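Student: I'd like to go through one part of this model slowly, with the cut-offs spelled out as we go. Could you pick that part and stay with it?

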Amino acid sequence: AAMIGQVLLFAATRNENQQYHPCPVAVGEIIDSAVADLAHLTEASGFTVEKEVASGLPAIMVDPKALARCLQNLMTNALKYGSSGRWMAIRAQPGTGLDAGEVLITVQDRGQGIAAEEIPHIFEPFYRGNAARESQTHGTGLGLSLAKEAAEAMGGKLTVTSRLGEGSAFTLHFPAA
């Protein structure tokens, strides 16, 4: 059902039918909701989930449902590809330096990581890395593409840092409202 939902959402974005309804959103509430929605999966997978939301974070102007989908995609990927570490962190903090004026939401795992040569391709629709294909990890290759498109449509961006064998960190950047 989740795969069908992602394919339908992907099709809707291609026809420009996807509409977002931005409003000021408290990041902590969306994170709490996303963690609660996936609690059954994280518990069944034996994952430890660390959650940290900086105090006094400003609201961000996003569509709350779209942001929740982005977080759920990133968390589901951490469950799939971070299984060797059985750990995930979700952090929200104010940006500093070049990211000043932004709120950063990061989903990090200690899993297999992503090969450097694959990083430029992971946000392409239907792209699946070598490790995912070799391990026959289920998925459509749409989650990161959809998360990136949604973030950008709401005035933000999605970035990644990863080291092979050490894990990955995906960060959503949104301007403070």
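Tutor: What follows is a close look at the sheet, then at the side chains on and around it.

First, the ground rules: this is a predicted model, so local features need pLDDT of at least 70 and side-chain atom pairs count only at pLDDT 80 or more, while totals for chains, interfaces and linings use all residues. Residues are numbered from 1 along each chain as its sequence is written, and side-chain values use heavy atoms, with hydrogens and water left out.

Now the overall layout. The chain has six helices and seven strands, where helices (H or I, at least four residues) and strands (E, at least two) are DSSP runs numbered from the N terminus. In sequence order the pattern reads α-β-α-α-β-β-α-β-β-α-α-β-β.

Five strands make up an open sheet in the order E2-E4-E5-E7-E6, and the pairing is mixed; two strands pair if DSSP finds at least two bridges between them. At the edges sit E2 (48-53) and E6 (157-163), each pairing on one side only. Neighbouring strands are turned by 15° against each other on average, ignoring direction. Axes here are lines fitted to C-alpha atoms (for helices, over the stretch in contact), and angles run from 0 to 180 degrees between N-to-C directions.

Let's zoom in on E7 and its partners. E5 (residues 102-109) and E7 (residues 167-175) run antiparallel and are joined by seven bridges; one bridge partner to look up is Phe-174 in E7, which goes with Val-103. Two helices pack on the sheet. Helix H4 (residues 64-81) touches E4 (87-94), E5, E6 and E7, and its direction makes about 25° with that of E5. Helix H6 (residues 143-153) touches E6 and E7, with a direction about 140° from that of E6. Contact means heavy atoms within 4.5 Å. By that cut-off, 72% of the contacts in the chain between residues at least 6 apart in sequence join residues at least 24 apart.

On to the edge formed by E6. Seven bridges tie E6 to E7, again antiparallel, and Lys-157 stands opposite His-173 in E7. The two strands form a hairpin with three residues between them, and Gly-165 in the turn has a positive phi of about 85°. In a regular strand, side chains alternate between the two faces of the sheet. E6 has a covered face with Leu-158, Val-160 and Ser-162, and an uncovered one with Lys-157, Thr-159, Thr-161 and Arg-163. Arg-163 is exposed at 55% relative accessible area, given that buried means under 20%, exposed over 50% and partly exposed in between (1.4 Å probe, protein chains only). Arg-163 also forms a salt bridge with Glu-166, the closest N and O atoms being 3.3 Å apart. The cut-off for that is a side-chain nitrogen of Lys or Arg within 4 Å of a carboxyl oxygen of Asp or Glu.

There are five salt bridges by this rule, and E2, at the other edge, has its share. Asp-32 and Lys-51 come to 2.5 Å between the closest N and O atoms; this pair links helix H2 (residues 27-37) to E2 across 19 residues. Asp-32 is partly exposed at 38%, and so is Lys-51 at 43%. Arg-91 bridges to Glu-52 with closest N and O atoms 3.7 Å apart, joining E4 to E2 over 39 residues. Arg-91 is partly exposed at 21%, as is Glu-52 at 47%. Add Glu-50, and Glu-50, Glu-52 and Arg-91 form a network of salt bridges.

Last, the rings. The structure holds one aromatic pair: Phe-123 and Phe-170, edge-to-face, 6.4 Å centre to centre with 85° between the planes. Rings of Phe, Tyr and Trp (its six-membered ring) pair if their centres lie within 6.5 Å; planes under 30 degrees apart are stacked, over 60 edge-to-face and the rest tilted. Phe-123 comes from the loop between E5 and helix H5 (130-134), whereas Phe-170 lies in E7, 47 residues apart. Phe-123 is buried at 16%, and Phe-170 is buried at 8%. Separately, the charged end of Arg-110 sits over the ring of Trp-87, 3.7 Å from its centre; that label needs NZ of Lys or CZ of Arg within 6 Å of the ring centre and within 35 degrees of the ring normal.
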